[in-house]
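Here are a few worked exercises to try with the model open beside you. Have a go at each task before you read its solution.

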Amino acid sequence: MSKESRNPEVSISQRLARGILAAEPQKTAGAREVGRRMLLDIVGICIAARDQNYVEAAMAAIDGDGPCTVLGHGRRMGAEGAAFVNGIAAHGEDFDDTFEGGPVHAGVVIVPALLAAAERHGLSGQDFLRGLAVGSELMCRLCAVAPTKVHKAGFHPTAVFGVMGAVAGIGAALRLTERQLVDAFGIAGSMASGIIEYLSDGSWTKRMHPGWAAQSGYRAVRLALEGFKGPRTVFEGTHGLFHGFANTLDGDFDAMMADFGQKWIWETIAFKPYACGTMCHPYIDCAREFGKLGIDPASIVSIECEAAEGVLHRLWEPLDQKRSPPNGYAAKFSVPYAIAVAIVRGDAGLREYDDVIVKDAAILGVASKVSYVVDPQNPYPRQFTGHVRVKLDDGKVHEFRQGYFKGGAEHPLSDEDLTRKFQANCAYGGLGEAEARALLAHIDGAFERPTVDFAQARR
């Protein structure tokens, strides 16, 4: 990127602001449908996680109450506090939506941020939907600027891009001016963060990232509304977002900006059937196919998998630790564990990642036999694939491949699938069937209401 392009007459944030001002995604049928699916998924996951220790810790750390809903709880908080806690709950079980071109998790940032802003400022359902669409869209598009480089630099793209998406979404919903949007983006660049060192021991910081991004985006917007200034070249500048978090000044901003505000790629967002890292999912499906053969797992000699180089540092290495994760949360980012639990238990849901289950000798025995070889032709990050080659003690070999992510754009979960997932999550979180049905009906009508209010989701 030339010096002139790093200090252009019209910056990336200015171009984004102009696109946001002109965009009316809430008027499209696609936005309404995807927005409903995203809202349904996130609310259900928050209910499922409401009594988990990490959510309790986050709530206890917030002083002061306010007008905004904490999903699944009776206590209301200020906008920042509610966005923070809801973001943590939404991402805590790694059961949330993903964009296959990233990967990046939009719903866990944008739904908490927009829900808090909507309740704090009395926004309509239509403005709520507009914000969901614009914020999610920007998070997805930011992935095209420097693919895989943010992860390789040691940062979590959902955390880094999330704060920018939250600014875009809240700014769109509150109808900020171009100048205010530019300032808010500039401010938010200094609030972006999220290292991936949680991979070393399964600690909780990844769970915090979306909540931090959601509340930071709201704070950046409020500062901009009060006249606080931020750098207009926050994205492409010499010391900008991609220099800091992707170690590059050569980002492809044309790919990000192409048809922004006109073409909506967030409508391809995928929803998870399993409660773990997205790139584990195709391997789980392959392992479940092997499990259907009814073969005793004790007869397995080895399981060799083809893997993308870009995911090794998160899901495969160090291999000894991935074969025997220290806790349930660490297991969510282990392909060897995912394959083993799918073979032994036939699923990879919330219960399969319990701290007790991950120490099961039968599961760990299978996981210890899983290894990988790098596939240089793997299409990651454009496509997530799975492969297992299972060798048995009688010399027989069973091999399964899957070239897609179930739940993704090419093989989406149906509305019925997502409703069942929502109901199961509500039951897991202790919500009764009648309460779950009432909450489902409330979600179905959320975008039609004159004022957003999720009192229905309080304990």
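**Exercise 1. Work out how H14 passes H18: in a left-handed or a right-handed crossing?**

Step 1. H14 passes H18 in a right-handed crossing. A crossing is right-handed if the near helix is turned clockwise from the far one by less than a right angle, and left-handed if anticlockwise.

Step 2. Now add the geometry: the axes of H14 and H18 come within 8 Å and cross at roughly 30°. That makes H14 roughly parallel to H18. Angles under 35 degrees count as roughly parallel, over 145 as roughly antiparallel, 65 to 115 as roughly perpendicular and the rest as oblique. The axes are lines fitted to C-alpha atoms, for helices over the stretch in contact, and angles run from 0 to 180 degrees between N-to-C directions.

Step 3. Look for the side that each helix offers. From H14, the residues Tyr 283, Ile 284, Ala 287, Arg 288 and Phe 290 meet Val 335, Ala 338, Ile 339, Ala 342 and Ile 343 of H18. Contact here means heavy atoms within 4.5 Å.

A word on the model: it is predicted, with pLDDT of at least 70 needed for local features and 80 or more for side-chain atom pairs, while totals for chains, interfaces and linings use all residues. Residues are numbered from 1 along each chain as its sequence is written, and side-chain values use heavy atoms, leaving out hydrogens and water. Helices (H or I, at least four residues) and strands (E, at least two) are DSSP runs, numbered from the N terminus.

**Exercise 2. Find the sheet on which H18 packs, and give its strand order.**

Step 1. The open sheet has four strands in the order E4-E3-E5-E6, and the pairing is mixed. Its edge strands are E4 (370–374) and E6 (397–402), each of which pairs on one side only. Two strands pair if DSSP finds at least two bridges between them.

Step 2. Neighbouring strands of this sheet are turned by 20° against each other on average, with direction ignored.

Step 3. Take E3 (residues 300–307) and E5 (residues 386–392), which pair in the antiparallel sense over four bridges. Here Glu 304 stands opposite Arg 389 in E5.

Step 4. Place the helices. H18 (residues 335–345) packs on the sheet and touches E3, E4 and E5, its direction making about 130° with that of E3. H14 (residues 281–291) lies across E3, E5 and E6, running at about 35° to E5.

**Exercise 3. Follow E5 into its hairpin: how many residues lie between E5 and E6?**

Step 1. E5 and E6 form a hairpin with four residues between them, and Gly 395 in the turn has a positive phi of about 90°.

Step 2. These two strands pair in the antiparallel sense over six bridges. Val 388 has Phe 400 in E6 as its bridge partner.

Step 3. Five of the seven residues of E5 are buried, so this strand is largely enclosed by the rest of the structure. Buried means under 20% relative accessible area, exposed over 50%, and partly exposed in between (1.4 Å probe, protein chains only).

Step 4. Asp 393 sits in the loop between E5 and E6. With 58% relative accessibility, Asp 393 counts as exposed. Not counting residues up to four places away in sequence, Asp 393 touches Ser 299 and Val 301.

**Exercise 4. Describe how H7 and H9 run relative to each other: roughly parallel or roughly antiparallel?**

Step 1. The axes of H7 (residues 125–142) and H9 (residues 157–174) come within 7 Å and cross at roughly 150°. H7 and H9 are therefore roughly antiparallel to each other.

Step 2. Their crossing is right-handed. Among the residues making the contact are Gly 131 and Gly 135 of H7, and Gly 162, Gly 165 and Gly 169 of H9.

**Exercise 5. Spot the less common backbone: which residues does a cis peptide bond join at Pro 103 and at Pro 381?**

Step 1. Most residues other than glycine have a negative phi, and most peptide bonds are trans.

Step 2. Gly 102 and Pro 103 are joined by a cis peptide bond, with omega about 0°. Another cis bond joins Tyr 380 and Pro 381, with omega about 10°. Pro 381 lies in the loop between E4 and E5.

Step 3. Asp 94 has a positive phi of about 50° although it is not a glycine. This Asp 94 is buried, at a relative accessible area of 1%.
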